[in-house]
Amino acid sequence: MSLWHNSVKWCLLHTQRGFQCLTAVRDKPVELHHASVNRCCSTAQGEVRVRFAPSPTGFLHLGGLRTALYNYIFAKKYGGVFVLRLEDTDQSRLVPGAAESIEDMLEWAGIPPDESPRRGGALGPYLQSQRLELYNQTAQQLVESGHAYYCFCSPQRLELLKKEASRAGQTPRYDNRCRHLRIDQVQEKLAKGVSHVIRFRLEAGVEPFQDLIFGWNYHEVAQVEGDPVVMKADGFPTYHLANIVDDHYMKISHVLRGSEWLISTSKHLLMYQALGWQPPTFGHLPLLMNKDGSKLSKRQGDIFIQSFQRNGVLPEALLDITTNCGSGFNTNRIGRRIHELISEFNPTKITTHSALLDLEKLPEFNRIHLQQQIEDEERCQFLIKDLQEQIQQTYTAEIQEKEVLHEDYIKRVLHLRKGHISSLKELLNPTYAYLWVRPSFSSQQVAALTAEAHLIASLVLKLIKERDEELTVDQLSKDLKALAKQTKVTKYREVMKMLRLALSGLQQGPSVAEMMVSLGPAEIRLRFQKVLQLSDAS
């Protein structure tokens, strides 16, 4: 059992250069070593380097975005560098377009890397497939130092070991057979060109390490695992070798990754020790899970970032909800943008508990961030441009008046609807079609509501002429109540239904006063002149 299960408390020890998370273990005092405390986290400019290292065997999903986000925030909080490295060594599982899409989505989310395959950097290349010689050199170094060895076991033998372990109810593991080959046996097989891998020699006596989040931890890997493959027969490294080589040569100071890798860290530390390298500080983030505690699955489909983007979710809302459900911040309020997340980030508040994500709350997060963006003059321009494009795509052949695409018109609509809509896409629904396309309705529909359509339309036209360009929702609401009193037999309720029909062709939607303010005087006149025409023709 890992030591952190027995922990009774944990704290963050501040020093001039940074902090170190230490967990006190029951019945075992913690010794503080100044060097290890200092190296945990330096806030000096340029010393903190973190990385997000996904595999382009699929597209970026919420779990990956959250890991990237915590790394980005950590880097920016401590004046450091955020690196994107793509671990594309599993060539058989690569998905076309995934590598480019991962970086696209990080940029869309507002957390772009400082160094990456696209942006370059002094410590690249940032694609593992372009660093094969480095891995090969390191693997050979391990072999020559006696910390690794050639393994010639066939796939058939390895499969047989798995079956035997399964029949015995045991966890499959390699039996380390090739560890014991004599040098002459190895040389003979290599000379014959026998297919082989390179395995790292696991040793007993793993030392505990201090994880930033889970505290003191260790896993006696040699007791439960066979020696792991570090270099495959195809010349590509496994994750275990490639990630430590890259972290070393890219000068990564802190590895912040999902807690599923916690159990592998002791193995990685043995490899650092074998190579004589100083390991980075590790921090394992608690998992992001569904609200019922079940694991987020790529099979859900809707957890991919591209899906959220297509559905009109704002990147700010996505970052907000993924941090709001977790830990690591001084507050837990809705509506935080990235600069606020950085400001409020507090590593001492990251807990070991899984973060339970309730995506049913996402529309509310999006509504709040959309309202904030509408109220920000500069950011609102991006919304206007986006909505202009969507209107043209949706209503290309139906738009009768180009005025609906003008910036001032769209801006007015957004300000009137802010707080009521959760995404721009809602404004393209049939409920809001009247904003972009003149409605179609018949004289029979009008007559079914009132016999005073001509009078009501005339009164509206007179009102608009008197008010001229000065239309406000509050004032129009009062004016319409006064207008309804001037009819002879039509009650206020039916007057409003007729006005709504003339304006939108519908019997539901925003208030009639808001509809009128949105459309503006010129468009109101056109729509009520149509009522007069229908009334005169019937």
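Which residues of α13 are buried? The legend to Figure 2 gives the list for this predicted model.

**Figure 1. Overall view of the predicted model.** The secondary structure of the protein comprises 20 helices and 13 strands. Its radius of gyration is 32 Å, well over the 24 Å that the globule rule gives for 538 residues, so the protein is more spread out than a compact globule. Measured out along the principal axes, the C-alpha trace spans about 110 × 55 × 45 Å. Of the 538 residues, 51% count as buried. Among contacts with a separation of 6 or more, 72% are between residues 24 or more positions apart. The accessible surface comes to about 25800 Å², and 50% of this belongs to carbon and sulfur atoms.

**Figure 2. Helix α13 and the helices it packs against.** Helix α13 covers residues 362-375. At 1.5 Å a residue, its 14 residues should span 20 Å, and the end C-alpha atoms are 20 Å apart, which agrees. The buried residues of α13 are Leu362, Phe365, Asn366, Arg367, Ile368, His369, Leu370, Gln373 and Ile374. These buried residues pack against α10 (305-310), α11 (315-324), α14 (377-395) and α15 (407-417).

**Figure 3. Helix α17 and its surroundings.** Helix α17 is formed by residues 453-467. For its 15 residues a span of 21 Å is expected at 1.5 Å a residue; the distance between the end C-alpha atoms is 21 Å, which agrees. Buried in α17 are Ala453, Ile456, Ala457, Leu459, Val460, Leu461, Leu463 and Ile464. An α-helix has 3.6 residues a turn, so residues three or four places apart point the same way. The packing partners of the buried α17 residues are α16 (443-449), α18 (473-484), α19 (492-504) and α20 (512-537). Aspartate 468 follows α17 and has a positive phi, near 55 degrees.

**Figure 4. Serine 116 and proline 125 in the loop between α3 and α4.** Serine 116 lies in the loop that runs between α3 (98-108) and α4 (132-144). Its relative accessible area is 0%, and because buried means under 20%, serine 116 counts as buried. Leaving out residues up to four places away in sequence, serine 116 touches Leu84, Glu103 and Tyr126. Phenylalanine 52 is 64 residues from serine 116 in sequence, while their C-alpha atoms are 9.8 Å apart in space. Proline 125 is found in the loop between α3 and α4 as well. The peptide bond that joins glycine 124 to proline 125 is cis, with omega near 0 degrees.

**Figure 5. Aspartate 246 in helix α8.** Helix α8 consists of residues 239-249 and contains aspartate 246. Aspartate 246 is buried, at 0% relative accessibility. Apart from neighbours within four places in sequence, its contacts are Arg85, Gln128, Arg131 and Tyr135.

**Figure 6. Two residues with positive phi, asparagine 176 and lysine 251.** Asparagine 176 is not a glycine, yet its phi is positive, about 60 degrees. Asparagine 176 is placed in the loop between α5 (155-167) and α6 (183-191). With a relative accessible area of 14%, asparagine 176 is buried. Lysine 251, also not a glycine, has a positive phi of about 55 degrees. The loop that holds lysine 251 runs between α8 and β10 (254-258). Lysine 251 is exposed, its relative accessible area being 57%.

**Figure 7. Aromatic pairs and a ring cluster.** The structure holds 11 aromatic pairs. One of them joins tyrosine 150 and phenylalanine 152; this pair is tilted, with 6.5 Å from centre to centre and 35 degrees between the planes. Both tyrosine 150 and phenylalanine 152 are buried. Elsewhere, ring pairs link Tyr70, Phe74, Tyr78, Phe329 and Phe345 into a cluster.

**Figure 8. Arginines over aromatic rings.** Arginine 336 lies over the face of phenylalanine 329, 5.0 Å from the ring centre. Phenylalanine 329 is one of the residues in the ring cluster. Arginine 199 lies over the face of tyrosine 174, at 3.7 Å from the ring centre.

Note on methods:
Residues are numbered from 1 along each chain as its sequence is written. This is a predicted model: local features need pLDDT of at least 70, side-chain atom pairs count only at pLDDT 80 or more; totals for chains, interfaces and linings use all residues. Side-chain values use heavy atoms; hydrogens and water are left out. Helices (H or I, at least four residues) and strands (E, at least two) are DSSP runs, numbered from the N terminus. The expected span of a helix is 1.5 Å times one less than its number of residues. Buried means under 20% relative accessible area, exposed over 50%, partly exposed in between (1.4 Å probe, protein chains only). Contact means heavy atoms within 4.5 Å. Rings of Phe, Tyr and Trp (its six-membered ring) pair if their centres lie within 6.5 Å; planes under 30 degrees apart count as stacked, over 60 as edge-to-face and the rest as tilted. A charge sits over a ring if NZ of Lys or CZ of Arg is within 6 Å of the ring centre and within 35 degrees of the ring normal. The radius of gyration is taken over C-alpha atoms; the globule rule is 2.2 Å times the number of residues to the power 0.38. Accessible areas come from the Shrake-Rupley method with a 1.4 Å probe; for residues, only the protein chains shown count as cover.
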